[in-house]
Amino acid sequence: MTHKEFLNELQKSCHADHHQCASLLNALIKLMAQAAIDQIPVTIPGLGTFNSHKHPEYIQEDHLTGQQTLYPPRISYRMQPYNPQTDHEEGSIEQELAEYANLDVEVTDKFIRSLADTVVNHLHKHDEVEI
């Protein structure tokens, strides 16, 4: 599933107009990117908690040619799936997203829940989801 297909399905699921849904998704991506840089976990209720891991730059040498390649630093996420029996929704992202997007928390809550439901439904079908 491409980003565009995901966005269209998400828009239908949360009953938001396309512009508002795209703005919320972009805001979520920016907030998660900043949280990754700051190494702050991000919890998306119904989906899981994303923990970032910084990988330093490194140089790899080809032993046959002696050529060196510099790989830049990067940040990756590891997701701990949401477990309704053990996880609490404290520290989730709805309030921060509402403030960032200048929207009501009810709107962002509905968006986040639709996002989680959409992703989980596609993962159960063994689909790849691109956000």
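A residue counts as buried when its relative accessible area is under 20%, as exposed when that area is over 50%, and as partly exposed in between. Tyr-58, at 43% relative accessibility, is therefore partly exposed. The model described here is predicted.

Tyr-58 is a good place to start, since this residue belongs to a ring pair. The centres of the Tyr-58 and Tyr-71 rings are 4.9 Å apart and the planes meet at 15°, so the pair is stacked. Tyr-58 sits in strand β3 (residues 58-61) and Tyr-71 in strand β4 (residues 68-71), and the pair links parts of the chain that are 13 residues apart. Tyr-71 has a relative accessibility of 32%, so Tyr-71 also falls in the partly exposed class.

How many aromatic pairs are there by this rule? The count is 2. Besides the stacked pair there is one formed by Phe-50 and Tyr-77, which is edge-to-face, with 5.7 Å from centre to centre and 80° between the planes. Phe-50 is in strand β2 (residues 48-55) and Tyr-77 is in strand β5 (residues 74-81), so this pair ties together parts 27 residues apart in sequence. The two partners fall into separate accessibility classes: Phe-50 is buried at 14%, whereas Tyr-77 is partly exposed at 29%.

Next come the helices. Two packed helices are described by the angle between their axes and the distance between the axes. For helix α2 (residues 18-38) and helix α4 (residues 105-124), the axes come within 11 Å and cross at roughly 80°. An angle of 65 to 115 degrees counts as roughly perpendicular, and α2 is therefore roughly perpendicular to α4. On the α2 side the contact is made by Gln-20, Cys-21, Leu-24, Leu-25 and Leu-28. On the α4 side the residues are Val-107, Thr-108, Phe-111, Ile-112 and Leu-115. Sorted by class, the contact has 8 nonpolar residues, 2 polar residues and no charged ones.

One of the contact residues, Cys-21, leads to the last topic. Which cysteine sulfur is closest to the sulfur of Cys-21? That of Cys-14 is, at 4.1 Å, which is too far for a bond. A disulfide requires the two sulfur atoms to be within 2.5 Å, so the Cys-14 sulfur, with Cys-21 as its closest cysteine partner at 4.1 Å, is not bonded to it. Are these cysteines buried or exposed? Cys-14 is buried, at 5% relative accessibility, and Cys-21 is buried as well, with a relative accessible area of 0%. A search of the whole structure finds 0 disulfides.

Technical notes. Residues are numbered from 1 along each chain as its sequence is written. This is a predicted model: local features need pLDDT of at least 70, side-chain atom pairs count only at pLDDT 80 or more; totals for chains, interfaces and linings use all residues. Side-chain values use heavy atoms; hydrogens and water are left out. Buried means under 20% relative accessible area, exposed over 50%, partly exposed in between (1.4 Å probe, protein chains only). Rings of Phe, Tyr and Trp (its six-membered ring) pair if their centres lie within 6.5 Å; planes under 30 degrees apart count as stacked, over 60 as edge-to-face and the rest as tilted. Helices (H or I, at least four residues) and strands (E, at least two) are DSSP runs, numbered from the N terminus. Axes are lines fitted to C-alpha atoms, for helices over the stretch in contact, and angles run from 0 to 180 degrees between N-to-C directions. Angles under 35 degrees count as roughly parallel, over 145 as roughly antiparallel, 65 to 115 as roughly perpendicular and the rest as oblique. Contact means heavy atoms within 4.5 Å. Ala, Val, Leu, Ile, Met, Phe, Trp, Tyr, Cys and Pro count as nonpolar, Asp, Glu, Lys and Arg as charged, and the others, Gly among them, as polar.
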